[in-house]
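Here is a short report for the bench. It covers a helix pair, a pocket and a handful of single residues.

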Amino acid sequence: ERTLRLLLYTNALLCLLAILFYFTPFQSLFWSRQNLTSDVNDFLRLKMFTYEPSYYALLFVPLFLYFFLQYVFRQNQLSGRLLLPMLFLPFILSFSIGVIGCLLAAGFCCWIIRFPRLYRNRRIVNGFINLLFITVVLLVAAGIFFPDNPLFIRIENILSGNDSSAEGRTADAFIIAGRLLEQGNPYWGIGAGQLELAGADLIRGYYLYYHTTAVAIPNAAAETLVLFGWLGFGVRMGIECLLFAITKPWKNYYRLTIFFFVFFYQFTGSYITNVAEYVLWILAFTN
């Protein structure tokens, strides 16, 4: 815990430093300027010292869950007034809807599985009710006074299928995977290391990449399907389910939430050589 707390403090200080750099000509050291979604252009998102904001948000997930679960179960040694801003500020500044969405889905699944035990603890139930009430009030207030804020615009575009980033990392990734499998063997895939050769023209034309942009499918599950076919995809899912049964993450809230998060996230982003994703799998399957 001492190590994680040091990382949490360090990240919080760097976030404050990044906010200061936001107002300087050197904002690119911490921030990434992107066309976020339709009607939201030149939007600055915190990437810290990584290559993109969503990867920074992914790296922060183990820290967030560790201290947030401590707060939920009243085991935190830090004051909530200090802890909660340090936990939520990175996600607010990085504005990674994919990571936030997978966290919400993971938390919901964990809540459903452990509901009989959680329900007996009235303090935890009241805490969730209060958190839900505050969230709803904030969203309603934002909808009334700031209806055209970037969050609402992006959520609306995602739901309507007009968000190129969300579509590109989910549905489009599997569409490309299906087209590439037609060129190779659907059971064995096109082979490891063959994406640059077999899919360069298709991927660049579909995603409108520059010729200097590296060819990739921004979805770990879809990339596995392309490279190793349905057999490899089945092996990937089988290994995850087998390790889940053997290591029993459901005995620990932290491991269970991480498992659900990374399981969902592999269908919404990442790539098969993503070290951060493998670290999350290790945390989920390690007692």
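Contact here means heavy atoms within 4.5 Å. The model is predicted: local features need pLDDT of at least 70, side-chain atom pairs count only at pLDDT 80 or more, and totals for chains, interfaces and linings use all residues. Residues are numbered from 1 along each chain as its sequence is written, and side-chain values use heavy atoms, with hydrogens and water left out.

**Buried residues**

Buried means under 20% relative accessible area, exposed means over 50%, and partly exposed lies in between (1.4 Å probe, protein chains only). Helices (H or I, at least four residues) and strands (E, at least two) are DSSP runs, numbered from the N terminus. The table gives five buried residues.

| Residue | Place | Relative accessibility |
|---|---|---|
| Ser96 | loop between H3 (80–94) and H4 (97–113) | 3% |
| Met48 | loop between E2 (43–46) and H2 | 4% |
| Phe95 | loop between H3 and H4 | 12% |
| Phe285 | helix H14 | 14% |
| Gly232 | helix H12 | 17% |

Start with the loops. Ser96 is in contact with Arg45, Ser54, Ala57 and Phe91, leaving aside neighbours within four places in sequence. Most residues other than glycine have a negative phi. Phe95 is not a glycine, yet has a positive phi of about 55°. Met48, also not a glycine, has a positive phi of about 55°.

Now the helices. Gly232 is in contact with Tyr187 and Thr224, again leaving aside neighbours within four places in sequence. Gly232 and Phe68 are 164 residues apart in sequence, and their C-alpha atoms are 35 Å apart in space. Phe285 and Ala245 are 40 residues apart in sequence, with 9.7 Å between their C-alpha atoms. Not counting residues up to four places away in sequence, Phe285 touches Glu240, Leu243, Phe244, Thr247, Pro249, Arg255 and Phe259.

**H12 against H14**

Two packed helices are described by the angle between their axes and the distance between the axes. Axes are lines fitted to C-alpha atoms, for helices over the stretch in contact, and angles run from 0 to 180 degrees between N-to-C directions. The axes of H12 (residues 220–247) and H14 (residues 275–285) come within 11 Å and cross at roughly 20°. H12 and H14 are therefore roughly parallel to each other. Angles under 35 degrees count as roughly parallel, over 145 as roughly antiparallel, 65 to 115 as roughly perpendicular and the rest as oblique.

Which residues in H12 meet H14? They are Ala220, Arg236, Glu240, Leu243, Phe244 and Thr247, and they meet Glu277, Trp281, Ala284 and Phe285 in H14. By class, this contact has six nonpolar, one polar and three charged residues. Ala, Val, Leu, Ile, Met, Phe, Trp, Tyr, Cys and Pro count as nonpolar, Asp, Glu, Lys and Arg as charged, and the others, Gly among them, as polar.

**The second largest pocket**

On a 1 Å grid over the protein atoms alone, a pocket is an open set of points with protein on both sides within 12 Å along at least five of seven lines, and lining residues have an atom within 4 Å of a point. The second largest pocket is lined by 16 residues, of which Leu7, Asn11, Leu59, Phe60 and Leu63 lie nearest its centre. H1 (2–22), H2 (53–72) and H14 each supply at least two residues of the lining. H2 gives the most, with six residues. By class, the lining has 13 nonpolar, three polar and no charged residues.

Key
On a 1 Å grid over the protein atoms alone, a cavity is a set of points where a 1.4 Å probe fits but cannot get out, and a pocket is an open set with protein on both sides within 12 Å along at least five of seven lines; lining residues have an atom within 4 Å of a point.
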